[in-house]
Number of protein chains: 2
Amino acid sequence: MGSVEKYFELVEQSQQQFIEQLREVVAIPSVSGDVSRRGDVIRMGEWLQSKWEALGATCKRVEPGKQNLDGVVLDLPPVILGQYGNDPSKKTVLVYGHYDVQPALIEDGWDTDPFTLVETEDGRLVGRGSTDDKGPVLGWLLCAETHKQAGIEFPVNLKFCFEGMEESGSEGLDDIIVAEADEWFKGTDVVCISDNYWLGKTKPCLTHGLRGVSYFHLIVEGPGADLHSGVFGGTVHEPMVDLVHLLAKLVDNKGRIQVPGIYDQVAAVTDAEEQSYESVEFTHEALVADLKNDVLIHGAERDTLKHRWRFPTLSIHGVEGAFHASGDKTVIPARVRGKFSLRTVPNMEPARVAELVTKYLNDEFAKLGSKNSMRVVETHGGRWWFSSPDHPNFVAGARATERVYGVKPDLTREGGSIPVTLTFEENLKTNVLLLPMGASDDGAHSINEKIDKRNFIQGIKLFGAYLHEIAATDLAAE
Amino acid sequence: MGSVEKYFELVEQSQQQFIEQLREVVAIPSVSGDVSRRGDVIRMGEWLQSKWEALGATCKRVEPGKQNLDGVVLDLPPVILGQYGNDPSKKTVLVYGHYDVQPALIEDGWDTDPFTLVETEDGRLVGRGSTDDKGPVLGWLLCAETHKQAGIEFPVNLKFCFEGMEESGSEGLDDIIVAEADEWFKGTDVVCISDNYWLGKTKPCLTHGLRGVSYFHLIVEGPGADLHSGVFGGTVHEPMVDLVHLLAKLVDNKGRIQVPGIYDQVAAVTDAEEQSYESVEFTHEALVADLKNDVLIHGAERDTLKHRWRFPTLSIHGVEGAFHASGDKTVIPARVRGKFSLRTVPNMEPARVAELVTKYLNDEFAKLGSKNSMRVVETHGGRWWFSSPDHPNFVAGARATERVYGVKPDLTREGGSIPVTLTFEENLKTNVLLLPMGASDDGAHSINEKIDKRNFIQGIKLFGAYLHEIAATDLAAE
């Protein structure tokens, strides 16, 4: 029996212990957005550090500094950096994950206590953090423990970076990655992140692209204070009227962005890409079931995927400063701030996007001939990420997946952003693989978050298989 | 010396006592919208009743019932009905006012404690309720007291109706007016309400028109829950995108309503009306100073007045259900509710307005070809009010004004609504005169509410002069 098969066998035998370990970490309510839980977040980081150190890893606890949360000054939870193995003849894989979780209260509608792991008869492991991201973070630890227990030589040097602020903006993380790029992270050959999800519920995937996001505020102001519509309606330029006219110019209701030039930088769909949609596990039927209503713009699955993955889109999120409560109020708001964002794709540049959007809105506002004032503020401009699935890191991930699941993984992109991906790629100058453990219906930020027992156990196998594949791969072939 | 001159003289001599009386009523914080102040509201109503009874009036305390305010069940404040004098040879005048006030906290930005009347060197009497509406309500009492004190026969039978819920929707009042129309209010010849303001700061006015208001919710819904714009942007019909497209169709940014047919019922401007704007005290300069910015749509004063008084207007108030807080959130709201209202004028019918608005929005929504659902709900449809200023009630008011102020009053209309005006007119079948005491800059619902000492004292003279004019008027000449 090869070492990987031996590893798989021991994972199979250890299922119940693994679930107990998951129960232990789910029970630590490490909610980074809750002042009263900060001690639990730090405790969770310390738990990870002590477990890895017990295995023989060298760890470094980095303190990102202080944070003001709801008026309270708190210590930010530590970033736990680690090094497990230091054999110059082996390759070095860096894994990233986060040990904090989203808030969860039974009153939100959970069927069971969010911080008590429940194993259901249909094979779900329900609890806050089970899939996002404690299952995967624990997975790496269990992978190493199982190798040690089975007496299998660990195939790579493993570095890790576990943070406790991912659900709250990863405060302080980027600075640490930049500072440690040529220090703690020196020698990293490839990066692997397990913090996203399969496209569907049954077929595994590798993820090689993320969209960027450019967020804008469109501010229109006029009168010195809110006005009574009985007295001033029809006699002053209403900021809210100007605003809805401008917002309506941004995108048509088929999702087509109206900003001139916005599609000029978008990479063309190649024949190979067009082909690749054929085999992807994705149906409108399942999507409509999730949405509860068929409000899909596109008729074909591949068009929906393209508009999620590889075309820019524009969404209107809301208005700040206008009347937003229930009931009726006859106010003319004096100053309103429309919020919208674009999801950006290769090869769009955020600076160019901001320039085009601002110019277009200025032009359209000038056409209105309003006496109000208008300005556009780009509050965030994060780049897209795209990696070739032909890179040896991805090839290793694909081989490992096929070995565990018996099927070639889908090659997916995501519509949202995972900013740390780009930070690692740019600062460590290495390839990054997104290797999800959970499925699309895990409900990461929702009530009754779960990971399927199958995904958790097979995922631990997958992590091990991936590391063995990396060990056997010629990365220079890239 | 005639009896009116004698009354004027005693008013002049009593100025300081009158201000002390105003101080006493301002000190009762009768905030109808505040659960903790309900006892004060009731106390204020009882104060009025006892004062009028001490003068010899017959009062009836009507309890409108219960109210649920912020989860607390409260007694509604009483409506105080009164009858002062019952001489069949005299005419009967009904006056209405309200003894509750808007909320006021020193933290809102008041220069002084809102419930402690402060007399400033430049002649302002500052305090919550000073102008809205305790000054006028007290004015009627002081008018009657002064007549008694001076030994002048009171010229009319006075009925009064003072409520304590005007600032909170006049809950229960309409039912009482309907029920008492042929009972307590029987025999009313004319009605006079002093609860609005001069158009400017120096010239008195009579008000003979109010706009109606039709309030609408435009509801667009699609997905079963809020969505992540990274995942779903560009692939689903966003309710917020449909909404801004529809809202932008309602009105252009010059205030022109785009609903077909909406102007068809609007009465034409007559030559006489056109002429009447000549003498009105109203300048854009003063208006722009109040607004802090020149955001006026119209170039000529008379056009601004026409769009405030006699043309319909449409204002967009806000959106419920979308992201409205500060900061950035990449949500696609699943269900949004746009709020807008039309101010209506003679001869528009609310039912017809609702029909036109609904049809238009349905047509425009159909053009969008969206898979979301849309519906329009008219949440309120209140009629405009218009009275001829040639009615003897207005002629009496004009004569009284000229006698007190030495100038013919402006004949004004208001852009807003005072619904009780129409309720009295329709149920009592009598003419209603709006006879304001305060000036345009009194800041009725704002911080540092005031009434000028001049307006308060001359206003008390005006009330007396008006009642004497009514006594001398042939109402049948109408």
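**Entry 1: two helices of chain B**

I began with how helix 12 of chain B lies against helix 14 of chain B, and the two are oblique to each other. I should say at once that this is a predicted model. Their packing angle is about 135 degrees, and the axes are 8 Å apart. That angle falls outside the ranges for roughly parallel, roughly antiparallel (over 145) and roughly perpendicular (65 to 115), so the pair counts as oblique. I also looked up the handedness: helix 12 of chain B makes a right-handed crossing with helix 14 of chain B.

Next I asked myself which residues meet there. From helix 12 of chain B I noted several, including B:Asn393, B:Ala396, B:Arg399 and B:Tyr405. Across from them, helix 14 of chain B brings residues among them B:Arg454, B:Gln458, B:Leu462 and B:Ile470. Sorted by class, this contact has eight nonpolar, six polar and five charged residues.

**Entry 2: where chain B meets chain A**

Then I turned to the two chains. I found 73 residues of chain B in contact with 73 residues of chain A. How much area do chain B and chain A bury between them? I got about 5,800 Å², with 54% of it on carbon and sulfur atoms. On the chain B side, I noted B:Thr235, B:Asn253 and B:Val295, which supply 11% of the area that chain B buries against chain A, more than any other three residues.

**Entry 3: salt bridges**

Last, I checked for salt bridges and counted two between chain B and chain A. One of them joins A:Asp294 to B:Lys371. In that pair, the closest N and O atoms are 3.2 Å apart.

Key. Residues are numbered from 1 along each chain as its sequence is written. Chains are lettered from A and ligands numbered from 1 in the order in which they are written. This is a predicted model: local features need pLDDT of at least 70, side-chain atom pairs count only at pLDDT 80 or more; totals for chains, interfaces and linings use all residues. Side-chain values use heavy atoms; hydrogens and water are left out. Axes are lines fitted to C-alpha atoms, for helices over the stretch in contact, and angles run from 0 to 180 degrees between N-to-C directions. Helices (H or I, at least four residues) and strands (E, at least two) are DSSP runs, numbered from the N terminus. Angles under 35 degrees count as roughly parallel, over 145 as roughly antiparallel, 65 to 115 as roughly perpendicular and the rest as oblique. A crossing is left-handed if the near helix is turned anticlockwise from the far one by less than a right angle, and right-handed if clockwise. Contact means heavy atoms within 4.5 Å. Ala, Val, Leu, Ile, Met, Phe, Trp, Tyr, Cys and Pro count as nonpolar, Asp, Glu, Lys and Arg as charged, and the others, Gly among them, as polar. Buried area is the accessible area (1.4 Å probe) that two parts lose on being put together, summed over both. A salt bridge is a side-chain nitrogen of Lys or Arg within 4 Å of a carboxyl oxygen of Asp or Glu.
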